[in-house]
Amino acid sequence: MQVQSGGSTRQRVEWVDAAKGLCIIMVVMMHSTLGVELAAGREGFMHQVVAFARPFRMPDFFLISGLFLGLVIDRPWRRYLDRKVVHFAYFYVLWLTIQFASKAPGMATEAGWGTALEAYLRAYVDPFGTLWFIYLLPVFFVFTRLVKRLPLWSVFLGAALLEALPIHTGSVIVDEFCGRYVFFFAGYAFAARIFAFAAWVRAHPGAFAGLALLWAPLHGFLVFTPVPESLTAWLQPESGYSGATGGFSELPLVSLLLGLAGAMFIVGAAALLAPVRPMRWLTWLGGHSIVVYLAFFLPMATTRVLLLKTGIIADVGLVSLMVTLAGVAGPVVLYGLVQWTGYGRFLFERPAWARIERTGTGAQPARMAAG
């Protein structure tokens, strides 16, 4: 499986795609589960799964997004901005508009069309809903290019300090930058070590399994054990996450270590799963993770309303699981229809007019961190 990059072709690394596949499933699972539980007014078994994955779900996504940055960070600014800023800006504006088109009537009914329009315009400076990730990625790409001449360890330690500080300004961009940049920069700065770890896991699967058996219970203990009230002011609730456990995993330094350790667990699991033929679907899903990320909100919300209103499934955990499956499968079906019919390619492919770098021709497919 290959990816076109500025006229050249490089081999895609299958375990990286498998890791992104695991990450996008966890992202959909979180939004699906918390949405179902909020609407139902009670929790199900999926709540514990979401809580367990919380410390490393987004850290791993950002770490993976930074892995190949070292290969392209010295490109001419025009090409760099085209691939790392304009690329994501196009999909953000497009899918922001699509999401508001589906939600604006309800917002207008409750608060008026002026409020709905204000919310839409505000989303250009403060990212909206599930789209904050692709809004923040270009910020990370540009910032990393600006600081690339600084010593790696100084930038990493500075980013780690930002992650440790209890920064809660209310701005998604500021708060998520401070809380997430360290993981993105770690992917960029320590890419060689991460690839070496993946190779080691493939060569020593038994040793990795042993490490995983030690990591999982310790991780679970830190996630689900409440901290003393004297330390609650230091907890770092995740933006948009209403199911924080109040566990030790949310404390400074602990959250950083668990984020990095969990990300490496995903890297190791992906390294073992990618070569397995029955898991090729996971690799494909990761290679198209932005397709799922952009479009999962509609099948997720539709399935949630259908299942909860009909009551055909009583168990909240099972409803959450079914909504998760719909949230992952729905965008894949839509992508397949677009590819089959040829209509709507602009949904997942950036057209030529939305580019500022003209060395290539034709549309550029959506990638979570396109080279």
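**Chatting about salt bridges and helices**

Q: Quick one to start: is Arg 83 buried or exposed?
A: Arg 83 counts as buried, because its relative accessibility is 5%. Buried means under 20% relative accessible area, exposed means over 50%, and partly exposed is in between, using a 1.4 Å probe and protein chains only.

Q: Good. What should I know about the model itself?
A: This is a predicted model, where local features need pLDDT of at least 70, side-chain atom pairs count only at pLDDT 80 or more, and totals for chains, interfaces and linings use all residues. Residues are numbered from 1 along each chain as its sequence is written, while side-chain values use heavy atoms and leave out hydrogens and water.

Q: Back to Arg 83, then. Which side chain does Arg 83 meet in a salt bridge?
A: That would be Asp 82, at 3.5 Å from N to O. A salt bridge here is a side-chain nitrogen of Lys or Arg within 4 Å of a carboxyl oxygen of Asp or Glu. Asp 82 counts as buried too, with a relative accessibility of 0%.

Q: And where does Arg 355 come in?
A: The side chain of Arg 355 also forms a salt bridge with Asp 82, at 3.9 Å from N to O. Arg 355 sits in the loop between strand E3 (349-350) and strand E4 (364-365), and Asp 82 in helix H4 (residues 77-111), so the pair ties together parts that are 273 residues apart in sequence. Those labels are DSSP runs numbered from the N terminus: helices are H or I with at least four residues, strands are E with at least two.

Q: Which residues end up in one network?
A: Asp 82, Arg 83, Arg 350 and Arg 355 are joined by salt bridges that share partners.

Q: How many salt bridges does the whole structure have?
A: A search finds nine. One of them pairs Asp 17 with Lys 20, whose closest N and O atoms are 3.8 Å apart. Both residues lie in helix H1, three residues apart, which is about one turn of the helix. Asp 17 and Lys 20 are both buried.

Q: New topic: at what angle do H1 and H14 pack?
A: About 35°, with the axes of H1 (residues 14-40) and H14 (residues 297-310) 10 Å apart. Axes are lines fitted to C-alpha atoms, for helices over the stretch in contact, and angles run from 0 to 180 degrees between N-to-C directions. On the H1 side the contact (heavy atoms within 4.5 Å) includes His 31 and Val 36, and on the H14 side it includes Met 300 and Arg 304.

Q: How do H2 and H10 cross?
A: The axes of H2 (residues 46-65) and H10 (residues 205-224) cross at roughly 100° and come within 10 Å. That makes H2 roughly perpendicular to H10, since angles of 65 to 115 degrees count as roughly perpendicular. Among the residues in contact are Phe 52 and Phe 56 of H2, along with Trp 215 and His 219 of H10.

Q: Last topic: what about the phi of Leu 253?
A: Leu 253 has a positive phi of about 70°, although it is not a glycine. Leu 253 is found in the loop between H10 and helix H11 (254-273). With a relative accessible area of 52%, Leu 253 is exposed.

How values were computed. Parallel < 35°, antiparallel > 145°, perpendicular 65-115°, else oblique.
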